[in-house]
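The exercises below ask the reader to work through one structure step by step. Please examine the sequence and the model before attempting each task.

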Amino acid sequence: MELYSRDEISEQKVLRKRAKSAAIAISAAAAVLCVILLILVKPLNETLFRVIASVAAGIAGCVDIYVASFIMPYMRPKPKQRSAGGNVLHVLGNMLRQLHMYVIWVLLSAVLVSFLFNLATDTVPAKKVTIWVDTASVKEAELETVLNEDLPEGIKMTKVHTFEYSTFGMANVGADDIYIVRESDVPTFIEGFAPVLAMLEPRDIFEYYVKDGTAYGVKVYSAASGKGCAQGYIDYSAAQGAEGALYEDCYLFFGKDCLHPGKDGAAAHIAEKLLKLQ
């Protein structure tokens with residue numbers, strides 16, 4: 001059993017107090033940083049901000065675990081005289097003994113941060129216009145950034161996804177606002193689409209997808225000319241087989257059960273912006 005003098009006990013109390021203050025300060029700084037990132041997050045910086053917030057939360061938690069495990073206990077073993085390298089090895093040894101706790105916290109903090117960012121970067125369906133794109137790839141963040149400018153009243157954001165984003169497939173087609181679909185896939189989803197002239201004013205420049213005499217979609221990409229709207233953001237190719245990218249006409253449709261219907265609705269407003277993009 002080790003005996004401690006009054007001075008040694010006092011030193012340990014001071015060390016504990018300093019370590020506790022440092023842990024609180026680091027945790028507070030990490031929390032403030034996460035809040036700032038959540039406030040400033042945009043589609044273009046979302047991934048970077050998620051990573052920074054996750055790292056900050058992970059480091060702060062690991063510091064708290066170390067302080068609580070090896071510094072806060074009232075009577076610690078008397079410190080040995082070590083070189084700087086020896087002190088580093090001592091700290092690393094302590095960390096390795098509780099590696100499982102650090103791993104668990106890092107995973108939990110990543111889940112928590114992801115949950116908070118999901119809340120900050122998404123909203124209820126009534127307050128967003130959702131666009132599904134049936135193409136090889138889409139620059140989702142860039143397209144959302146452009147479409148989020150000058151949003152209609154009551155709309156907080158637009159969300160853009162490829163069809164592959166849906167884990168369980170496009171089983172509920174028609175519940176969202178806008179769909180950009182390759183011509184060969186239209187028959188699969190057509191029952192979920194509303195007549196396009198109920199959403200957009202007819203124009204001579206439009207080419208329509210017509211079924212049973214009713215126009216359902218507006219052509220947004222022509223395979224023959226290789227031109228279409230928002231080509232800077234949407235890759236209209238469908239990579240298939242060894243022959244490379246294949247192209248086909250694509251059409252824009254509106255969901256028949258979308259929450260923002262009508263020619264004055266938010267879905268039509270966003271579709272008009274989309275049709276004007278290069």
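Four exercises follow, each with a worked solution, and the model to which they refer is a predicted one.

**Exercise 1. Overall composition**

Task: State how many helices and strands the chain has, and what share of its residues count as buried.

Solution.
Step 1. The secondary structure comprises 7 helices and 12 strands.
Step 2. The chain contains 278 residues, of which 40% count as buried.
Step 3. The exposed surface amounts to about 16100 Å², and carbon and sulfur atoms supply 61% of this area.
Step 4. Among contacts in the chain with a separation of 6 or more, 75% involve residues 24 or more positions apart.

**Exercise 2. The nonpolar cores**

Task: Identify the residues with the most contacts inside the largest nonpolar core, and determine which elements supply at least two residues of this core.

Solution.
Step 1. The largest nonpolar core consists of 35 residues, and Ile 180, Leu 252 and Phe 254 have the most contacts inside it.
Step 2. At least two residues of this core come from each of the strands β1 (128–133), β4 (178–182), β7 (214–222) and β12 (250–255), and likewise from each of the helices α5 (140–147) and α7 (266–276).
Step 3. Helix α7 provides the largest share of the core, namely 7 residues.
Step 4. A further core of 13 residues lies apart from this one; Trp 132, Phe 163, Tyr 251 and Phe 253 are among its members.
Step 5. For Phe 254, neighbours within four places in sequence are left aside; its remaining contacts include Tyr 179, Phe 193, Met 199, Leu 200 and Ala 271.

**Exercise 3. Aromatic pairs**

Task: Classify the ring pair of Phe 163 and Phe 189, and then the ring pair of Phe 193 and Phe 253, as stacked or edge-to-face.

Solution.
Step 1. The count of aromatic pairs comes to 8.
Step 2. For Phe 163 and Phe 189, the ring centres are 5.4 Å apart and the planes stand at 85°; the pair is therefore edge-to-face, since planes over 60 degrees apart are classed in this way.
Step 3. Phe 163 belongs to the loop between β3 (157–162) and β4, whereas Phe 189 belongs to helix α6 (residues 186–189), so that the pair links parts of the chain 26 residues apart. Both Phe 163 and Phe 189 are buried.
Step 4. Phe 193 and Phe 253 are stacked, with 4.4 Å from centre to centre and 15° between the planes.
Step 5. Phe 193 lies in strand β5 (residues 193–194) and Phe 253 in strand β12, 60 residues apart. These two residues, Phe 193 and Phe 253, are buried as well.
Step 6. Phe 193 and Phe 253 also belong to one aromatic cluster, together with Tyr 179, Tyr 209 and Tyr 251.

**Exercise 4. Helix packing and an exposed residue**

Task: Describe how α2 packs with α4 and how α5 packs with α7, and decide whether Thr 188 is buried or exposed.

Solution.
Step 1. The axes of α2 (residues 46–70) and α4 (residues 99–121) come within 8 Å and cross at roughly 145°. This crossing of α2 and α4 is right-handed.
Step 2. Residues of α2 that meet α4 include Phe 49, Ala 53, Gly 61 and Ile 65, while those of α4 include Trp 105, Ser 109 and Phe 117.
Step 3. Helices α5 and α7 pack at an angle of about 115°, and their axes are 10 Å apart. The crossing of α5 and α7 is right-handed.
Step 4. Leu 143, Val 146 and Leu 147 of α5 make this contact with Ile 270, Lys 273 and Leu 274 of α7.
Step 5. Thr 188 is placed in helix α6. Its relative accessible area is 60%, so Thr 188 is exposed, the cut-off being over 50%.

Conventions. Residues are numbered from 1 along each chain as its sequence is written. This is a predicted model: local features need pLDDT of at least 70, side-chain atom pairs count only at pLDDT 80 or more; totals for chains, interfaces and linings use all residues. Side-chain values use heavy atoms; hydrogens and water are left out. A nonpolar core is a set of buried Ala, Val, Leu, Ile, Met, Phe, Trp, Tyr and Cys residues joined through side-chain atoms within 4.5 Å. Buried means under 20% relative accessible area, exposed over 50%, partly exposed in between (1.4 Å probe, protein chains only). Helices (H or I, at least four residues) and strands (E, at least two) are DSSP runs, numbered from the N terminus. Contact means heavy atoms within 4.5 Å. Rings of Phe, Tyr and Trp (its six-membered ring) pair if their centres lie within 6.5 Å; planes under 30 degrees apart count as stacked, over 60 as edge-to-face and the rest as tilted. Accessible areas come from the Shrake-Rupley method with a 1.4 Å probe; for residues, only the protein chains shown count as cover. Axes are lines fitted to C-alpha atoms, for helices over the stretch in contact, and angles run from 0 to 180 degrees between N-to-C directions. A crossing is left-handed if the near helix is turned anticlockwise from the far one by less than a right angle, and right-handed if clockwise.
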